[in-house]
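Biologist: Could you pull up the model so we can go through it together?

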Amino acid sequence: AAGCAAVTCAIAAALVARRASARARWRRAVALLREFEDGLRHAARAPCDRNEEGIYYAIDLGGTNFRVLRVEVGAGSVVISRKVEHEPIPEELTKGTLEELFNFIALALKNFMEREDGKDERRALGFTFSFPVRQTSVSSGSLIRWTKGFAIEDAAGKDIAQCLNEALARSGLNVRVTALVNDTVGTLALGHYHDEDTVAAVIIGAGTNACYIERTDAIIKCQGLLTNSGGMVVNMEWGNFWSSHLPRTLYDISLDDETQNRNDQGFEKMISGIYLGEIARLVLHRMALESDVFSDAADSLSVPFTLSTPLLAAIREDDSPDLSEVKRILQEHLRIPGTPLKTRRLVVKVCDIVTRRAARLAAAGIVGILKKLGRDGSGVASTGRTRSQPRRTVVAIEGGLYQGYPVFREYLDEALVEILGEEVAQTVTLRVTEDGSGTGAALLAAVHSSNR
Ligand code: ADP
């Protein structure tokens, strides 16, 4: 037991985002903020201005799944109906050619449209493409680099909307991309459509990213379109945020070495769904190598990505007295049979620490945005000097990890209260938008449908 405790303490000390002093937390928040300000270059587009009736389609390509959507917009730009179909992306397509990937997507859209509408009408398409893009217009932009395990060669620099348009034409579809957005922007558009106090959107799924509405006078290099109110949506690409204040452990370094995009997306690799299970596996593997807690199971724990994040969540959320679910997962997924209860408790603890650190980092990112907007209760906006009372603030939030893992949500909320204080935290609402990234893209396609 003493050995177990020592290993846990060592890992906890190395891994957990410690309860930093208020001063240290402040320093981190300021560092995050500086980094955000450096990133104020990539602009997106206006939230929906609600004036197009008709049927619109959207494709949402983000990470592990893609979605096809049909959205019917009625008078006053009310969403009358919405249909969404999810499909996993075959692993081989994430490493093949752009043409193969987009042919697959075009075919899925074609089948979906035939089932839904039957007739071949000209349609506007919203394309949610959640990888870093250099946006050149509302409906065009070139890929900067792949993230989230995608590794299609010769795609960087290509106009993604044009490539999809070509695939749509090859499949005989009378459809054109009229809005190219990333998932944060789609989610913000839908969030704003529902609630005008929505000022930011955060994705915590396979990957993580955020965007927010910035006053145009704070934008250093203005590339995008203005909103009706003179604001601009800034796509932060915060997954690529890095700061020397982030406690990077040897597990983070090992994880980075295993990925296709080494040295990129450091923040994302500490927070999002593709990676959390793997961080925990790396910790467990080291424990197996350096102690006898898993008997001779080091080999079983040596295979990368065998512990997925949904499994990590199931381990953390096992509330049975004998941790029977943990036992099952260790046996069936990691080939470690017959673990004693104290070892299972240790595994739960590791999964808890990895989860808690991720949720706290995501919360720090959200507070960074609130601070940037002068909505963190400190009374001084970072780009202006005016004192202000905290107003009601809504952050649209979406993603399989956030939506599927209640403990993650709990830790994130807890950290927001800890950093902001109870009173200010009460003014902040995190609002889940179901399939918002795709629906928002369809709404933006509607707004820009004259480009069809
Ligand atoms: P994307 O749209 O980028 O494919 P999603 O928003 O669908 O991503 O989220 C998928 C990710 O969410 C997966 O990587 C998975 O690890 C994580 N996830 C899904 N369900 C759960 C769950 N119940 N608990 C923890 N993580 C989950």
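**Strands and ligand shell**

Modeller: Sure, β2 and strand β3 (residues 79-88) pair in the antiparallel sense over nine bridges; a pair needs at least two DSSP bridges, and strands are DSSP E runs of at least two residues, helices H or I runs of at least four, numbered from the N terminus. Mind that this is a predicted model: local features need pLDDT of at least 70, side-chain atom pairs pLDDT 80 or more, while totals for chains, interfaces and linings use all residues. Residues are numbered from 1 along each chain as its sequence is written, and side-chain values use heavy atoms, without hydrogens and water.

Biologist: Which residue in β3 does N65 stand opposite?

Modeller: β2 covers residues 65-73. Opposite N65, in β3, stands P88.

Biologist: How many bridges join β1 to β2?

Modeller: β1 spans residues 54-61 and runs antiparallel to β2. The two form a hairpin with three residues between them, and Y56 stands opposite V71. The number of bridges joining them is eight.

Biologist: How far is the polar side-chain atom of R67 from an oxygen atom of the ligand?

Modeller: 17 residues surround the ligand, and R67 is among the closest; being near takes a heavy atom within 4 Å. A polar contact is a pair of N or O atoms within 3.5 Å. For R67 and the ligand oxygen, the distance is 3.0 Å.

Biologist: Which elements give two or more residues to the shell around the ligand?

Modeller: A ligand nitrogen lies 3.0 Å from a polar backbone atom of G404. The elements giving two or more residues are β2, α9 (309-316) and α12 (400-404).

Technical notes. Polar contact = N/O pair within 3.5 Å; in protein donor to acceptor, adjacent residues only side chain to side chain.
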